[in-house]
Amino acid sequence: MSLEAEGGGIFDAQLALMAMACSHLVIINHKGELSRQLQDLLEVCLFAMQHLKVCRIQPKLLFVLRDQHDRSQAVHGDALRLMRKHLAEASLQLALRLDELISLDPGSVFLLPSAFASDLDHTGREVRWSTELFSQEAMQLRRKIFKEADQLQNCEAAPEFSTLPDWCLHAMSVWR
């Protein structure tokens, strides 16, 4: 997200809507926890998806939460359930069910540890290195993404996704 940029919120919403309207699988790479700010951004997208009628598919969301010290599924599962509840309430205001707009299941959160560790060497200088745990988890994430993509490949495709030129026309119309 472009939080530091001038008008960042509007640009973030445009990018998120573009991703959700033009993708079957949307990977949300986020440092830290599932936040209220992220939830608000998704609510804006739901509203735009419904009112602009730019989305004929139901994108599946996958949250990749980086730098997680506590990688307990229970903690993050509660946060996802709360976000899902708030998004479902927002979609009811649109007279829709959340499941008609996006796919957000309990397996939609993937927790990654920090990619680097650091310590002081014998001279007192900080030394950093990549961790083996991160490498293994990144490979698991890769397998999960390919598995999700493979499952989505069997879904009925919208005409906008039948060829690359059709997708490009669709993406340009969404961006406008």
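Contact means heavy atoms within 4.5 Å of each other. Keep that cut-off at hand for the exercises below.

This is a predicted model, in which local features need pLDDT of at least 70 and side-chain atom pairs count only at pLDDT 80 or more, while totals for chains, interfaces and linings use all residues. Residues are numbered from 1 along each chain as its sequence is written, and side-chain values use heavy atoms, with hydrogens and water left out.

**Exercise 1. Get your bearings**

Describe the protein chain by its helices and strands, its box and its buried share.

Solution. Start with the elements: the protein chain has 6 helices and 5 strands. Helices (H or I, at least four residues) and strands (E, at least two) are DSSP runs, numbered from the N terminus. Next, follow the sequence, which gives the pattern α-β-α-β-α-α-β-β-β-α-α. Then take the box: along the principal axes, the C-alpha atoms fill roughly 60 × 35 × 35 Å. Finally, of the 176 residues, 37% are buried. Buried means under 20% relative accessible area, exposed over 50%, and partly exposed in between (1.4 Å probe, protein chains only). As for contacts between residues at least 6 apart in sequence, 73% join residues at least 24 apart.

**Exercise 2. Assemble the open sheet**

Work out the strand order of the open sheet and find its edge strands.

Solution. Recall the general rule: strands of a sheet pair through backbone hydrogen bonds, either parallel or antiparallel. Here, 3 strands are arranged in the order β1-β2-β3 with parallel pairing. The edges are β1 (25–31) and β3 (109–111), each of which pairs on one side only. From one strand to the next, the twist averages 20°. (Axes are lines fitted to C-alpha atoms, for helices over the stretch in contact, and angles run from 0 to 180 degrees between N-to-C directions.)

Now zoom in on one pair. Two strands pair if DSSP finds at least two bridges between them; β1 and β2 (residues 60–66) run parallel and are joined by 7 bridges. Within this pair, Ile27 stands opposite Leu62 of β2.

**Exercise 3. Look around Ile28**

Is Ile28 buried or exposed, and which residues is Ile28 in contact with?

Solution. First place Ile28: the residue belongs to strand β1. Ile28 counts as buried because its relative accessibility is 13%. Setting aside neighbours within four places in sequence, Ile28 contacts Leu38, Leu42, Leu61, Leu62, Phe63 and Val64. Two of these partners, Leu38 and Leu42, are themselves listed among the buried residues of α2. One more distance to try in your viewer: Ile28 and Ser108 are 80 residues apart in sequence, with their C-alpha atoms 10.0 Å apart in space.

**Exercise 4. Check a helix length**

Compare the expected span of helix α2 with the distance between its end C-alpha atoms.

Solution. The expected span of a helix is 1.5 Å times one less than its number of residues. Helix α2 (residues 36–52) has 17 residues, so it should span 24 Å, and its end C-alpha atoms are 24 Å apart, which agrees. Just after α2 comes Lys53, with a positive phi near 55°.

**Exercise 5. Cysteines and disulfides**

How many disulfides does the structure hold, and are Cys22 and Cys45 buried or exposed?

Solution. A disulfide is a covalent bond between the sulfur atoms of two cysteines. With the cut-off for a pair of cysteine sulfur atoms set within 2.5 Å, the structure holds 0 disulfides. Cys22 is buried because its relative accessible area is 7%. Cys45 is buried too, because its relative accessibility is 1%.

**Exercise 6. A buried glutamate and a hairpin**

Which residues does Glu148 touch, and how do β4 and β5 pair?

Solution. Glu148 sits in helix α5 and is buried, with a relative accessible area of 12%. Not counting residues up to four places away in sequence, Glu148 touches Leu25 and Lys60.

Turn to the hairpin. Strands β4 (residues 116–120) and β5 (residues 126–130) pair in the antiparallel sense over 5 bridges. Phe116 has Ser130 of β5 as its bridge partner. Between β4 and β5 there are 5 residues, and Gly124 in the turn has a positive phi of about 95°.
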